[in-house]
Amino acid sequence: MTWNDFWFGAKELPFWAFAIRAVILYAFLILATRFMRQRQIAILAGHNYLVAAGIVSLAAVRMVNPESSLISGIVIILIYAAVNVFISFLDVKFPRKVDRHSTILVEDGQLIKKNLLDARITIDNLLGQLRIKNVFSFSEIDTAIVEPTGKINVVKKSKGLPVTREQMKLPFKNTSIPTILIYDGKIQYDNLKLIGHDFKWLDEKIKEKGFMEAKDIFLAAFEGNGTLYISV
Amino acid sequence: MEGIWNSVQDLNAWGFAARTLIVGVMLYISSRFLPHRSGGQYAGYDFTFFWMMGGLIASPLFDSKINFINTITAAVTIYIMHYLISFIGVKSRAFARVVFGKAEVLVSGGQIQKKNMLKSLFPIELLLSQLREIDAPNIAEVDTAILETSGRVSALKKSVHTPVTPSDLNISVPGGGLPSILVNDGKIVDKNLEAIGHDRKWLMGELNKMGVMDIKDVYLSTIDGAGKVYCSQSGRKGR
């Protein structure tokens, strides 16, 4: 086997060449997926779906067929990913032109027959999806929408929603996502600085909770309500 | 028949039928060993791995020139790579940030972050649709929304719009947590019974109170954190 055979394919290749091919193509696919962004991973639009199915089977076939060229495999992955990114970009620039748009199925508690027909959703499909969303009677629904991904989402009437803090006139409570301060025994100094505290403060807090050192802690996080969560 | 396992120029329908059965066996074996996180698709490389495995395992059916040895070699290699990436990612957060990507903040303090939206190729329509999905249809109620590495959006509502919890009202609630199984299809799970500090006699007493005479009639029985016993009997009709 020559280098040429490895890159451009030959009648036969030793089996370890396929292992190296697999490594290279997988690495390029990971790179391509990073470029295609998170929306690709969750398959949030039609073109994301088609690319997901296409790009990997293209790579898979090239991985195991000795006669196909590895170089063209790499080229296809990168260009196909770029096409996908471009379509996503158009989706951002010209909304509603690229992806299918969402359709309202129920408005003000009333079913819209025309839209149900347009989306080709039977009443049993709708009921099944509503049950999954924890809605068991039509009178609870304010709005139901079928999303471009095919999922059906429901906005319940506000009188059917759980009581909120505002409605109970409860005092303001600070909410924010937790900040990780210690992971696997290592202090995350940049995060510590972000929340405006220093090592001394953290050390005191840890001792307060009855721990000796940061080393003993697997995870410590600063929570929205100002407390420190610790797990050893 | 030698074309079934090895690569040949042409293969008839029977040959491909036989290959399909072998692919079926491979499908079973690989799904048995699929890592949990690949199915959850937490990050891009999970996504790639998962979809790739599907294409790879079926690849001997694409073309008669593709043989099984190459397919298995490639599949095992991909599997090892996925394992290594996961392993290093767990050990090093810096590595994880590069390969897995990082979560993007799309809404912060109630304001949509246009820069991050563009960077993530995320149109407004999609954001609103994803928020509806997680029961935050009104963006005015959202304090923070984050696009996770898995592509799902999570949202933290402003505190005034969060539901009231027992702790807000200073109500103490016992129990909670996962219930543990005491009887599974007529068989007592002694390990769980021991863990909660009770014995078979106690369990029979509890079940007798619910009108169960024979342990064999119990399809499932569980106990929750508050100590309440649930029992479902075999062959008993609902409403």
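**Setting the values against the cut-offs**

Student: Why is Asp135(B) counted as partly exposed?

Tutor: Asp135(B) has 48% relative accessibility. Buried means under 20% relative accessible area, exposed means over 50%, and partly exposed is in between, with a 1.4 Å probe and protein chains only. So 48% puts Asp135(B) in the partly exposed class. Before we go on: this is a predicted model, where local features need pLDDT of at least 70 and side-chain atom pairs count only at pLDDT 80 or more, while totals for chains, interfaces and linings use all residues. Residues are numbered from 1 along each chain as its sequence is written, chains are lettered from A and ligands numbered from 1 in the order written, and side-chain values use heavy atoms, with hydrogens and water left out.

Student: What is notable about the phi of Asp135(B)?

Tutor: Its value is positive, about 60°, although Asp135(B) is not a glycine. Asp135(B) sits in the loop between helix H7 (124–133) and strand S3 (142–147) of chain B. Those are DSSP runs numbered from the N terminus: H or I of at least four residues for a helix, E of at least two for a strand. Chain A has a case too: Asp108(A), with phi near 50°, in the loop between strand S1 (103–107) and strand S2 (110–111) of chain A.

Student: And what makes Asp108(A) exposed?

Tutor: The number is 62%. With the line drawn at over 50%, Asp108(A) therefore counts as exposed.

Student: Back to H7(B): how do you know that it is largely enclosed?

Tutor: Seven of its ten residues are buried, so the rest of the structure largely encloses H7(B). The buried ones are Leu126(B), Leu127(B), Ser129(B), Gln130(B), Leu131(B), Arg132(B) and Glu133(B).

Student: What makes a set of residues a nonpolar core?

Tutor: The members are buried Ala, Val, Leu, Ile, Met, Phe, Trp, Tyr and Cys residues, joined through side-chain atoms within 4.5 Å. The largest one here has 44 residues, and Tyr26(A), Ile55(A), Met63(A), Met52(B), Leu56(B) and Ile78(B) touch the most other members. Helices of both chains give two or more residues each, among them H2 (15–36) of chain A and H4 (68–91) of chain B. H2(A) has the largest share, ten residues. Apart from this core lies another, of 14 residues, including Val107(B), Met117(B), Leu126(B) and Val153(B).

Student: What does Tyr26(A) contact beyond its sequence neighbours?

Tutor: Contact means heavy atoms within 4.5 Å. Leaving out neighbours within four places in sequence, Tyr26(A) contacts Met63(A) in its own chain, and Tyr45(B), Thr48(B), Phe49(B), Met52(B), Ile78(B), Met81(B), His82(B) and Ile85(B) in chain B. Thr73(B), in helix H4 of chain B, likewise contacts Phe15(A) and Ala19(A), again leaving aside neighbours within four places.

Student: Why is Thr73(B) called buried?

Tutor: Its 13% relative accessibility is under 20%, so Thr73(B) is buried.

Student: How do you know that Phe6(A) and Trp7(A) are edge-to-face?

Tutor: Rings of Phe, Tyr and Trp (its six-membered ring) pair if their centres lie within 6.5 Å; planes under 30 degrees apart are stacked, over 60 edge-to-face, and the rest tilted. Phe6(A) and Trp7(A) are 5.2 Å centre to centre, with 75° between the planes, and they form one cluster with Trp3(A).

Student: Then why is the pair of Tyr183(A) and Phe218(A) called tilted?

Tutor: Their centres are 5.6 Å apart and their planes at 50°, so the pair is tilted. The pair ties together parts that are 35 residues apart in sequence, because Tyr183(A) lies in strand S5 (residues 179–183) of chain A and Phe218(A) in the loop between H9 (199–208) and S7 (219–222) of that chain.

Student: What makes Arg93(B) count as lying over the face of Tyr183(A)?

Tutor: A charge sits over a ring if NZ of Lys or CZ of Arg is within 6 Å of the ring centre and within 35 degrees of the ring normal. Arg93(B) lies over the Tyr183(A) face, at 5.5 Å from the ring centre.

Student: How do you know that S7(B) and S8(B) pair?

Tutor: Pairing takes at least two DSSP bridges between two strands. Five join strand S7 (residues 218–223) of chain B to S8(B), antiparallel. One partnership is Ile223(B) with Val229(B). In this hairpin, with five residues between the strands, Gly227(B) takes a positive phi near 90°.
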